[in-house]
Amino acid sequence: MAKRKGKVRQEPVWYESTAFLWLACLCLILFAVALFSNTLDGEFVFDDRPLILQNPQVTHQLYGDILFPTRGYRPIRTLTYALNYALGGDNPFGYHLFNIVLHGLNGVLLFLLLRLWTGGNLASLAASALFLAHPAQTAAVAYVSGRKDLLALSFILAGLLLYSRFRRTGRHWSLAGAVILFVLGFFSKEVVVVVPALLLLADALHLEGRTAEADDDSQDPSIWRVWVKAAVRHPLLYAGAALAALAGLYYAIFIMRASRMVGLWGGSWETNLGTSFKLFAHYAKMILWPFPLIADYKGNVFPISSGMLEPATLLALVAAIAYAALAVWVYRRAPLVSLGLFWFALFLLPVLHFIPFHEVAADHFLYVPLAGTALAAADLLRRLFKRAQVPSAAVWAVLAVILAAASWSAVQRNRLWTDDTLLWEDTLAKAPDSFRANVNLGRIYFEEYANNRDKRRQGLEMTRRATHLEPMEATAHVNLGSMYFEIGSKLKDQPQESKRLVELGLDIIKRGLELDPSNPSALSNIGNCYKTLSLLERQAGNSAEAEMLWQTAKDYYERALRSDSRRETRAAHYNLAVLYQDVGKNQAAQEQLGQFLAAWPNHADGNARMGTLLMTLGRPEEAEPYLRKAVGLKPIEENFLHLARAQHTSGQSQKAINTYKLALRYHPDRVEIYFNMAQIYYTMGRIEDSRRAFRTYLERGRDPRLLESARGALQQLEEEKDPSNVPR
């Protein structure tokens, strides 16, 4: 009897059912949520704050400016930030949840594409799960600003699904939809510019060439013949793809100037090219062994090539040639494996510095390329499952171990991306010469450990080290000078030493300004230095010098505002307000604070200063909302006291009492609050409550002046004398 010819079923029937498809998609979403759920309570890290909270397009919901900008930058990503802000304000939870769900969606889209191209349901599911769990993905998912990579891949995968439908059905609405998705992807991240080349490869290796099931050489494997055939059939499509790629490159390089790179890595084209090959080897290694993962490579972290004859560079060059040869050779037997290998290399091209740009390397650059390795893995697994050369149980056991190890590593890595201090301490431990680890951790130690002299000294040294690691970077110089300024400005009882340190800080910040003449932070901090020098001269009786320095400070603040064109905090408005307050120009100070709070409405000190300024102007009713917000944002004793005073002054004595009680819950050791409460109780006619509060202060207070006042007031109350002399 002749054997019946036909397609051999690769998997049991239920694996191909609609129920399995839905279950697989649900499992991928839940798997992504489980993997990254420990980021949901994380903070904004790295440059999340300037991109989101300090971006007026986001905080002011300027959708027109986002989508039709005079100077745009990844508008689709910015649009999602604005939507996040509209729903949840500055709470990081919603931003992290969005990233996690988007990552899970990418797992689903990848599964659907792999299933469509390979025909292997279980193999596609396994490869998609490995993609979701790869430890390098944390740099894109746990990091809110990594959303650009997530969005780019979402649009790429969805576009490829529609493009595949167009190839199978010829329906032009599918092609139109794919083009729209690719454009949206490009405006999420410019790496999508290489998609036209990916489509050519997909046509040659799969969509117009061989099928996934063809495991022999019965079909003509010539890539060039397939391309010629496709070009004849779709000349406008191929011409349009070429023009789109050129337009995208022109936009990214000349309009957006995404490179932001001055010079070449290593100083010459030879060293720059050698670095490109070393980077490719680095990323290829990270597929199989993603360790160590480093948050940032700026500084002396990644070994720049010293030339093409350097042994490490030669080895990387050989590895790149071997990779290319493998990708070309394997297509004859496994075209989708070849396509996956090409996918990986193709999406790395924009970040390999053939056109140099400012970031030498980043773990999140692997996010889109890893989808290509998932395609290669899915086709290899499909072939393995089909031929059953290895017992299925053993294959699944190995996959389970790999997936468990990757998941555990990703979960551990996620934790570091939830807090700036953890992230930069980990980076510094792995890469002591990381510029950003030194400059960012130095700033954190100096600012957040005000009562720890060792930590502040360590922060100062880290920042000084950062100026040597990247001597042409303005940020480290500005931070270092600002630290000296802060130390000097607090030495109020040592005017000469204060002046020396402030002038030292001023010189260092000016060095940063020379490196970046439009740096708003440098300009604003120079203004701070001149303002403090003005105060010191005024205290010394040098009025003319003080006035000249005051005017210089004002000029620098105004220059900072003019240079602050895109995403800064507009801190110069705040500094100008303080400058005006120092000389009693309160109306001008109020105007500046209003503009500052319009750009950064949730700034605790800004709200507190506006409230106290309005109190000075005799407008306690207007002051109360600002002070109440300041207390909510920063529940320090001073803010509570200002709020209670505003409430009492505006005739809301009971609210003032409630504010003092809340202050005691936060600061139970601040017994002076009882003294203030006693006075308000007295004005309310609640004599017994006033007595009780005075007694409590007398039992626990330490200030001799207040103790004497409290004794006198309590004595008057208990003797039932005229209480008109109770201190106010």
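Hi everyone, let me start with burial: of the 728 residues in this protein chain, 54% are buried. Before I go further, please keep in mind that this is a predicted model.

So how confident is the predictor? The mean pLDDT of the protein chain is 89, with 92% of its residues at 70 or more. Two stretches deserve some caution. Over residues 1–11 the pLDDT stays under 50, and there the model has 11 contacts beyond four places in sequence. Residues 210–220 also have pLDDT below 50, and that stretch makes 35 contacts in the model beyond near neighbours in sequence.

Now for the overall picture. The protein chain has 34 helices and 0 strands. Taken along the principal axes, its C-alpha atoms fill a box of roughly 125 × 55 × 45 Å. If we take the contacts with a separation of 6 or more, 67% of them are between residues 24 or more positions apart. The accessible surface is about 33700 Å², and carbon and sulfur atoms hold 60% of that. For those of you who think about electrostatics, there are 78 positive and 67 negative charges, and the mean positions of the two sets are 8 Å apart.

Let's zoom in on my favourite spot, H353. You'll find H353 in the loop between α16, residues 335–348, and α17, residues 367–387. Is H353 buried or exposed? H353 counts as buried because its relative accessible area is 0%, and the cut-off for buried is under 20%. Its backbone is worth a look too: phi of H353 is near 70°, a positive value in a residue other than glycine.

Which residues does H353 touch, leaving aside its neighbours within four places in sequence? The list is W265, N272, S276, L279, E359 and V360. With V360 there is a specific distance to note: a polar atom of the H353 side chain lies 2.9 Å from the backbone oxygen of V360.

S276 lets us view that contact from the other side. This serine is in helix α14, residues 269–288. S276 is buried as well, at a relative accessible area of 1%. Beyond four places in sequence, S276 is in contact with L352, H353 and F354.

Following the chain on from α14, we come to a backbone feature that you may want to check in your own viewer. The peptide bond from F291 to P292 is cis, with omega near -5°. P292 sits in the loop between α14 and α15, the latter being residues 311–330.

Another backbone feature is at Q61, where phi is near 55°, again positive in a residue other than glycine. Q61 is in the loop between α3, residues 56–59, and α4, residues 63–67. With a relative accessible area of 23%, Q61 is partly exposed.

Last stop, L125, in helix α7, which covers residues 121–133. How accessible is L125? Its relative accessibility is 22%, so L125 counts as partly exposed; the buried class needs a value under 20%. Outside its neighbours within four places in sequence, L125 is in contact with F20, A24, L28 and F111. To give a sense of scale, L125 and A599 are 474 residues apart in sequence, and their C-alpha atoms are 46 Å apart in space.

That's my tour, thanks for listening, and I'm happy to pull up any of these spots on the screen.

How values were computed:
Residues are numbered from 1 along each chain as its sequence is written. This is a predicted model: local features need pLDDT of at least 70, side-chain atom pairs count only at pLDDT 80 or more; totals for chains, interfaces and linings use all residues. Side-chain values use heavy atoms; hydrogens and water are left out. Helices (H or I, at least four residues) and strands (E, at least two) are DSSP runs, numbered from the N terminus. Buried means under 20% relative accessible area, exposed over 50%, partly exposed in between (1.4 Å probe, protein chains only). A polar contact is a pair of N or O atoms within 3.5 Å; within protein, one must be able to donate a hydrogen and the other to accept it, and residues adjacent in sequence count only if both atoms are side-chain atoms. Contact means heavy atoms within 4.5 Å. Accessible areas come from the Shrake-Rupley method with a 1.4 Å probe; for residues, only the protein chains shown count as cover. Lys and Arg count as positive and Asp and Glu as negative; His and the chain ends are not counted. The place of a charge is taken as NZ of Lys, CZ of Arg, CG of Asp or CD of Glu. pLDDT is the predictor's confidence in each residue, from 0 to 100.
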